Amino acid sequence: MNILAAISTSANILEVIVFAVYLLFMLGIGVHFFFKAKNGGEKTYFLGGREMGPWVTALSAGASDMSAWVLMGLPTSVYALGLGQVWISVGLAIGYTISWLFQAPRLRKFSIVANDSITIPQYLTNRFLSKSRALQIICAVVFLIAYTIYSASSVKACGTLFNTVTGMDETIAMYLAALIIIGYTFLGGFSAVCWTDFFQGLLILGAMLIAPLFAAGMLETSVASAIPASYWNPVTNWKDIVSGLAWGLGYFGMPHIIIRFMSLKSQKDLKKSAKIGISWTLIIVVFAAFIGVIGRLYLGLDEQITAESTVFIIMVRKIFPGLLSGLLLSAVLAASMSTADSQLLAAASAFASDVYKPVIRKEKASDKEMLWAGRIVVLVIAVVALLIASNPNAGSIMELVSNAWGVFGAAFGPTILLTLFWKRFNFKGAVAGILTGAVVDILWLAFLAGTGIYEILPGFVASMVVAIVVSLCTKAPSDEVNELFDKAMNYEE
């Protein structure tokens, strides 16, 4: 009998009820912040007025990072292929820790000194005191493309969850999930996104701790002997190790994550937030791998589970009664929604603040007009993401995430790091670095994916090298830009 068919339909009603309550709660948060910040401006909608506390910021950053792939894609990779896939978890843990400890403190200070920048493209332009809009436009274009692909993975995960649990048509489920995500992002902006992500971060953590531990307690001692010895070998080949570790490079250029660093109230709160965020993420990436291993032992190898990335979903539904399984499976919704909302908002803010206002409207747009420009972009990206997610040839959840993650990390990571740590870095180097990273990443994916090396690595290295070489071969930054760098380094609140 098929594993899915063996799960009683009596649990479905309770699970659906829990899903409905959960989704209404998320939408309610958006409505709350819509009325609370009704008279707020661009900075309030896109950055929460730099008033986010350490707990909300830390869990929001983590939840916006860990999309459905951490509950579906990564565990299923470990479930199907073995411990050779755990290097992704190792790479993510290392990258996230370094980002919080070294990148976050400087980025917050530099963004404030750089004319109180509220988006990454805006920060990059203001950091060089440039009147050129080239960086902002290039960044906005990359944002729109990559975030649409990334959002598609989250929408696809929601569709898979509803289809697996309720039998609802997957496309209809995608539209339903997208409607809720658009609703609270459209209404409440950054504050709504951060607070929904905060609650969703707690839910993700609880689900990832509870489910595999209960399953582990139900295992029979003999099941491990049926699994090939090669499954337990983490050192399969050097390409898996290098590519897995390379995932950590993505954090240095992931706009919807690092913008949280800019939203904190103070440097003091940042230190506390770093401890919370790093701890949360370490637990999450460890237990993502643990779910895959326990799932293999508990469920055995099932081709349908592998194809649909449902090891976590099936494990939860086999162990827990309807009400509790509905709550735990809401973590998949949480992971999907917490990433999609952040991506939609980051793309919307980039377009509204960096293209619409300075280029299309020539600085004549009012705060109200800016808010509506951003909201319209949220709708457009969501619609395109739905079209991608509903295409059966779009790829798996993990593939969609890895594609978008690679573009962001390769394009923006080196440039953002150089703006924070190298005084000699200039505007032309930044433009060259971003373009090189994006192009090399995409070309490697298109033509050299067969090498087995994750495209973010060659893209990141090429971007860093080109950015440095171009900066050294062109005119040094002006005295005013150097003064800005020194001011940021000495900034105190």
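**Entry 1: the start of the chain**

I began at residues 1–8, where pLDDT stays under 50. For that stretch the model has 13 contacts beyond four places in sequence. I have to keep in mind that this is a predicted model.

Next I looked up confidence for the protein as a whole. The mean pLDDT is 82, and 85% of the residues reach 70 or more. Which helix has the lowest confidence, and which the highest? The low end is helix α1 (residues 3–6), with a mean of 46, and the high end is helix α19 (residues 456–473), at 98.

**Entry 2: α18 against α19**

Since I was at α19 anyway, I checked its packing with helix α18 (residues 427–447). Their axes are 7 Å apart, and the angle is about 155 degrees. Angles over 145 count as roughly antiparallel, so α18 is roughly antiparallel to α19. I noted the crossing as right-handed.

Then I listed who touches whom. From α18 the contact takes in K428, G429, A432, G433, I434, T436, G437, V440, D441 and W444. From α19 the residues include I456, P458, G459, A462, S463 and V466. By class I get 10 nonpolar, 7 polar and 2 charged residues in this contact.

**Entry 3: α17 against α18**

I went one helix back, to α17 (residues 397–421). Its axis and that of α18 come within 7 Å and cross at roughly 155 degrees. That makes α17 roughly antiparallel to α18, and this crossing is right-handed.

On the α17 side I found N403, G406, V407, A410, A411, F412 and T415. On the α18 side, the residues include A430, G433, I434, G437 and D441. The classes here come to 9 nonpolar, 5 polar and 1 charged. I saw G433, I434, G437 and D441 of α18 in the α19 list as well.

**Entry 4: α7 against α17**

How does helix α7 (residues 120–127) lie against α17? The angle is about 45 degrees, with the axes 11 Å apart. That makes α7 oblique to α17, and the crossing is left-handed.

I120, Y123, L124 and R127 of α7 meet T415, I416, T419 and L420 of α17. I wrote down 5 nonpolar, 2 polar and 1 charged residues for this contact. T415 rang a bell: I had it down for the α18 contact too.

**Entry 5: helix α5**

Is α5 (residues 73–81) mostly buried or exposed? I found 7 of its 9 residues buried, so this helix is largely enclosed by the rest of the structure. The buried ones are G73, L74, P75, T76, S77, V78 and Y79.

What do they pack against? I got α6 (87–113), α12 (267–299), α13 (303–308), α14 (311–319) and α17. Right after α5 comes G82, with a positive phi near 105 degrees.

**Entry 6: two positive phi values in loops**

I also looked up positive phi in residues that aren't glycine. N115 has a phi near 60 degrees, and this residue sits in the loop between α6 and α7. N115 counts as exposed because its relative accessibility is 61%, and the cut-off for exposed is over 50%.

S309 has a positive phi too, of about 55 degrees, in the loop between α13 and α14. Is S309 buried or exposed? S309 is buried, with a relative accessible area of 9%, where buried means under 20%.

Terms used: Residues are numbered from 1 along each chain as its sequence is written. This is a predicted model: local features need pLDDT of at least 70, side-chain atom pairs count only at pLDDT 80 or more; totals for chains, interfaces and linings use all residues. Side-chain values use heavy atoms; hydrogens and water are left out. pLDDT is the predictor's confidence in each residue, from 0 to 100. Helices (H or I, at least four residues) and strands (E, at least two) are DSSP runs, numbered from the N terminus. Contact means heavy atoms within 4.5 Å. Axes are lines fitted to C-alpha atoms, for helices over the stretch in contact, and angles run from 0 to 180 degrees between N-to-C directions. Angles under 35 degrees count as roughly parallel, over 145 as roughly antiparallel, 65 to 115 as roughly perpendicular and the rest as oblique. A crossing is left-handed if the near helix is turned anticlockwise from the far one by less than a right angle, and right-handed if clockwise. Ala, Val, Leu, Ile, Met, Phe, Trp, Tyr, Cys and Pro count as nonpolar, Asp, Glu, Lys and Arg as charged, and the others, Gly among them, as polar. Buried means under 20% relative accessible area, exposed over 50%, partly exposed in between (1.4 Å probe, protein chains only).
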